[in-house]
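Trainee: I would like to go through this model with you, strand pairing to begin with. May I ask questions as we proceed?
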Amino acid sequence: SMNPSTGVVTVPVNTPAGSYNVTYTICEVNNPANCDTVTSVVVVTAATIDAVADTPSVLPGTNTPSVIANDTLNGSPAVIGTSPGEVTLTSTPNGPLSMNPDGTISVAPNTPAGTYPITYTICEVTNPTNCDTVTTSVTVTAPVIDAVTETTPSINGNAGGSTGPLTANDTLNGSPVTVGTAPGDVTITVGTVQGGLTMDPLTGVVTVPVNTPAGSYNVTYTICEVNNPANCDTVTSVVEVTAAT
């Protein structure tokens with residue numbers, strides 16, 4: 001709109017980019033019929049849109065913060081939506097990574113540790129061709145693995161016997177471990193085992209042979225995450241053997 005007192009043209013907020021004709025007439029006050037009419041052109045440009053690359057770090061099976069948090073439109077924080085002044089978000093999934101409508105990125109469970117790129121585009125709702133594309137790098141970290149020391153209930157050395165799995169109180173990402181070869185499982189590597197005792201690397205069970213002298217026997221083993229074979233923890237537990245009664 002043009003202010004008839006000043007000749008200033010006001011462009012409303014969120015006006016689409018383009019060239020707009022403004023026609024006006026000036027007339028001499030002394031001679032009101034002495035007039036001239038002209039059409040001027042007001043050029044409205046699109047706002048600056050800026051998608052900024054992020055480098056979030058998360059565990060498998062979780063979401064990153066929204067990548068939109070540091071993106072801007074016309075110098076102000078970008079807001080995802082469908083109204084004038086907001087932006088739309090598009091992205092193509094990349095392997096275990098997928099973009100959510102709110103700009104957070106979901107990392108699939110059991111994703112191996114590493115750095116994963118995902119590209120997204122934001123476009124201005126008012127000017128759909130006013131866009132910016134950026135690639136964000138998501139670092140997936142290995143979950144915490146924890147092999148816990150334990151002392152087993154006593155086993156009669158005269159008769160021999162077996163313990164329960166020594167891995168029963170071990171955890172991966174805060175949950176009890178499962179021994180196996182599938183993603184999310186752990187493998188067992190048996191280390192030093194005293195006194196002729198043996199540990200089954202498939203179950204974590206320790207066998208005490210018949211006629212084993214009474215005593216406390218150290219059993220050292222290592223658990224490693226299948227997804228991240230270098231993500232390991234080693235522990236020494238104690239198997240108690242008693243004399244015959």
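Mentor: Certainly. β7 and β10 are paired in the antiparallel sense, over five bridges. Please keep in mind that this is a predicted model.

Trainee: What is the bridge partner of Val-87 in β10?
Mentor: Val-87 has Glu-124 as its bridge partner there.

Trainee: And how many bridges join β10 to β11?
Mentor: There are 10 bridges between β10 and β11, and the two strands run antiparallel. Together, β10 and β11 make a hairpin, with six residues between them.

Trainee: Which residue of β11 is the bridge partner of Cys-123?
Mentor: That partner is Cys-131.

Trainee: Turning to the nonpolar cores, how many residues does the largest one have?
Mentor: The largest nonpolar core has 21 residues. Those with the most contacts inside it are Ile-68, Leu-97, Met-99, Ile-105, Tyr-120, Ile-122 and Val-138.

Trainee: Which elements give two or more residues to this core?
Mentor: They are β7 (87–91), β8 (97–99), β9 (105–107), β10 (114–124) and β11 (131–140). The most comes from β10, which gives four residues.

Trainee: What is Leu-97 in contact with, leaving aside its neighbours within four places in sequence?
Mentor: With those neighbours left aside, Leu-97 is in contact with Ile-105, Ser-106, Val-107, Tyr-116, Pro-117, Ile-118 and Val-138. Apart from the largest core lies another, of 19 residues, including Ile-155, Tyr-217, Val-235 and Val-241.

Trainee: Let us change topic to the open sheet. In what order do its four strands come?
Mentor: The order is β13-β21-β20-β17, with mixed pairing. β13 (155–156) and β17 (186–193) are the edge strands, each pairing on one side only.

Trainee: Do tell me about β17 and β20. How many bridges join them?
Mentor: Six bridges join β17 to β20 (residues 215–225), and these strands run antiparallel. Within that pairing, Val-186 has Glu-225 of β20 as its bridge partner.

Trainee: Now the pockets. How much space lies in the largest one?
Mentor: The largest pocket holds about 230 Å³ of space. It is lined by 16 residues, of which Asn-14, Ala-47, Leu-73, Asn-74 and Glu-124 are the closest to its centre. Glu-124 has already come up as the bridge partner of Val-87.

Trainee: How do the residues of that lining divide?
Mentor: Eight are nonpolar, seven are polar and one is charged.

Trainee: And what of the second largest pocket: how much space lies there?
Mentor: The second largest pocket has about 180 Å³ of space. Among its 15 lining residues, the closest to the centre are Asn-110, Pro-143, Leu-172, Asn-173 and Gly-184. By class, this lining has six nonpolar, eight polar and one charged residues.

Trainee: I should like to follow up on Asn-110. Where is its place?
Mentor: Asn-110 sits in the loop between β9 and β10. Its phi is near 65°, a positive value in a residue other than glycine.

Trainee: Why does Asn-110 count as partly exposed?
Mentor: Asn-110 counts as partly exposed because its relative accessibility is 35%, and that class lies between the 20% and 50% cut-offs.

Trainee: What about Asn-173, and where is its place?
Mentor: Asn-173 is in the loop between β15 (171–172) and β16 (175–176). Although Asn-173 is not a glycine, its phi is positive, about 55°. At 44% relative accessibility, Asn-173 counts as partly exposed.

Note on methods
Residues are numbered from 1 along each chain as its sequence is written. This is a predicted model: local features need pLDDT of at least 70, side-chain atom pairs count only at pLDDT 80 or more; totals for chains, interfaces and linings use all residues. Side-chain values use heavy atoms; hydrogens and water are left out. On a 1 Å grid over the protein atoms alone, a cavity is a set of points where a 1.4 Å probe fits but cannot get out, and a pocket is an open set with protein on both sides within 12 Å along at least five of seven lines; lining residues have an atom within 4 Å of a point. Grid points are joined across faces, edges and corners, and a volume is the space filled by probe spheres set on the points. Ala, Val, Leu, Ile, Met, Phe, Trp, Tyr, Cys and Pro count as nonpolar, Asp, Glu, Lys and Arg as charged, and the others, Gly among them, as polar. Two strands pair if DSSP finds at least two bridges between them. A nonpolar core is a set of buried Ala, Val, Leu, Ile, Met, Phe, Trp, Tyr and Cys residues joined through side-chain atoms within 4.5 Å. Buried means under 20% relative accessible area, exposed over 50%, partly exposed in between (1.4 Å probe, protein chains only). Contact means heavy atoms within 4.5 Å.
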